[in-house]
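Open the model in your viewer and keep the selection panel at hand. Each stop below gives a selection and then what is there.

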Amino acid sequence: MHPELDPEFAIELLKSPGELDNKYSRGCVGFVTGSNQYPGAALLGINAAFELEVGMVQYQGPTEVSNLVLSSRPEVVLGLDKAEFLVIGSGISDTNQDQLESLQNAVSSGKPLLVDGGAMTICDLSLISLGILTPHAKEAEKIFAKYGHHRAAKDISGNPVASAIELAEITGLVVLLKGSITVLAVEGERAIESGPGSAHLAQAGTGDLLAGMIGALSAKLIGSGRSLNPKLLRDVALLANQLHSEAAELSAARGEFGASSICNAISEAAGN
């Protein structure tokens, strides 16, 4: 267990459903992810959420992507009306008008959310009251530029702690800056370094998994009756980041590689 993480907190979030649980008490996470260019991003995040036994998953996206999601996971419910936590932006590129409207509605919904991929520069982050950004260095460079700050990706990678803290201060959001050493920052708090993470995460689609994992655990926390706040959201992300790396190592030990294989090892990592 990561030294910054309370073991009891992890046990509570990862415990199996009890006899009094139902789909609502296990939380509902909603996704506005994927695009016609990157449809798999939606499915990877959703599959990762199911690996952590979230109670319900909702999805809103292009018709073609919705059809892909439902053909693979018919238990997904279209729409976002029941979702208590939203994951947006993974795999967003060729944003059509409907999807742009969905992203805008998500950030102005008042619901806590994770902002990933293209949504970090498309969306007005000032509308988010509680959220987490999950950039790698190149995406962080674009976020800084959006706020009028020039920070080159190589400089962000070279000084990730200061960069994550600055991003948290600029945006007012929790920041998870991805890298071999992942840095988690909350405005006004000491940054936490997590890692080094598994080198087997250096594959396309693994970021989509992490987004889905954070979303699922956040929704489960809310479903259990807890009130989410920036420090709790950071701790959820820290736990997800650790499980993400452990799943990659478990998958690689079996000679199985790629984001889909790593996804299949998430529940095993959560049970260890």
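The tour goes through helix packing first, then backbone oddities, single residues and cysteines. Bear in mind throughout that this is a predicted model.

**Stop 1: α9 and α10**

Select residues 206–223 for α9 and 230–253 for α10. Look along the pair where their axes come within 9 Å. The crossing angle is roughly 135 degrees, so the two helices count as oblique to each other. The handedness of this crossing is right-handed.

Now show side chains. On the α9 side, pick T206, L209, L210, M213, I214, L217, S218 and L221. Facing them in α10 are L232, L233, V236, A237, L239, A240, N241, L243 and H244. Colour this contact by class: 13 residues are nonpolar, 4 are polar and none is charged.

**Stop 2: α2 against α9**

Keep α9 on screen and add α2, residues 40–51. Here the axes approach within 7 Å, crossing at roughly 40 degrees. That angle makes α2 oblique to α9. The two pass in a right-handed crossing.

Which residues of α2 and α9 meet here? From α2, select A41, L44, G45, A48 and A49. Their partners in α9 are D208, L209, G212, M213 and A216. By class, this contact splits into 7 nonpolar, 2 polar and 1 charged. Note L209 and M213 of α9: both meet α2 here, and both were also in the list for α10.

**Stop 3: α1 against α9**

Add α1, residues 7–14. It packs on α9 at an angle of about 90 degrees, the axes lying 10 Å apart. α1 is therefore roughly perpendicular to α9. Select F9, L13 and L14 in α1, then L217, K220 and L221 in α9. This contact has 5 nonpolar residues, 1 charged residue and no polar ones. L217 and L221 meet α1 here; they also appear in the contact with α10.

**Stop 4: the peptide before P196**

Hide the helices and zoom in on G195 and P196. The peptide bond that joins them is cis, with omega about 5 degrees. P196 lies in the loop that runs from β9, residues 192–194, to α9.

**Stop 5: E53**

Next, select E53. What is the sign of phi at E53? Phi is positive, about 60 degrees, although this residue is not a glycine. E53 is in the loop between α2 and β2, the strand at 56–59. Its relative accessibility is 38%, so E53 counts as partly exposed.

**Stop 6: L167**

Go to α8, residues 160–171, and select L167. Is L167 buried or exposed? L167 is buried, at 0% relative accessibility. Show what surrounds this side chain. Beyond neighbours within four places in sequence, L167 contacts P135, A140, I143, F144, G172 and V175. For a distance check, pick the C-alpha atoms of L167 and G179: they are 15 Å apart, with the two positions 12 residues apart in sequence numbering.

**Stop 7: L68**

Move to α3, residues 63–72, which holds L68. L68 counts as partly exposed, with 32% relative accessibility. Setting aside neighbours within four places in sequence, its contacts are P39, G40 and L43. Draw a line from L68 to D21, 47 residues apart in sequence: the C-alpha distance is 29 Å.

**Stop 8: S129**

Select S129, in the loop between α5 (119–122) and β6 (131–133). This serine counts as exposed, at 60% relative accessibility. Its C-alpha is 18 Å from that of F31, 98 residues away along the chain.

**Stop 9: C28 and C263**

How many disulfides does the structure hold? There are 0. To see why, select C28 and C263 and show their sulfur atoms. The sulfur closest to that of C28 is in C263, 18 Å away, which is too far for a bond. Seen from C263, the closest cysteine sulfur is that of C28. A disulfide would need the two sulfur atoms within 2.5 Å. Switch to a surface view to finish. C28 is buried, with a relative accessible area of 3%. C263 is buried as well, with 4%.

Technical notes:
Residues are numbered from 1 along each chain as its sequence is written. This is a predicted model: local features need pLDDT of at least 70, side-chain atom pairs count only at pLDDT 80 or more; totals for chains, interfaces and linings use all residues. Side-chain values use heavy atoms; hydrogens and water are left out. Buried means under 20% relative accessible area, exposed over 50%, partly exposed in between (1.4 Å probe, protein chains only). Axes are lines fitted to C-alpha atoms, for helices over the stretch in contact, and angles run from 0 to 180 degrees between N-to-C directions. Helices (H or I, at least four residues) and strands (E, at least two) are DSSP runs, numbered from the N terminus. Angles under 35 degrees count as roughly parallel, over 145 as roughly antiparallel, 65 to 115 as roughly perpendicular and the rest as oblique. A crossing is left-handed if the near helix is turned anticlockwise from the far one by less than a right angle, and right-handed if clockwise. Contact means heavy atoms within 4.5 Å. Ala, Val, Leu, Ile, Met, Phe, Trp, Tyr, Cys and Pro count as nonpolar, Asp, Glu, Lys and Arg as charged, and the others, Gly among them, as polar.
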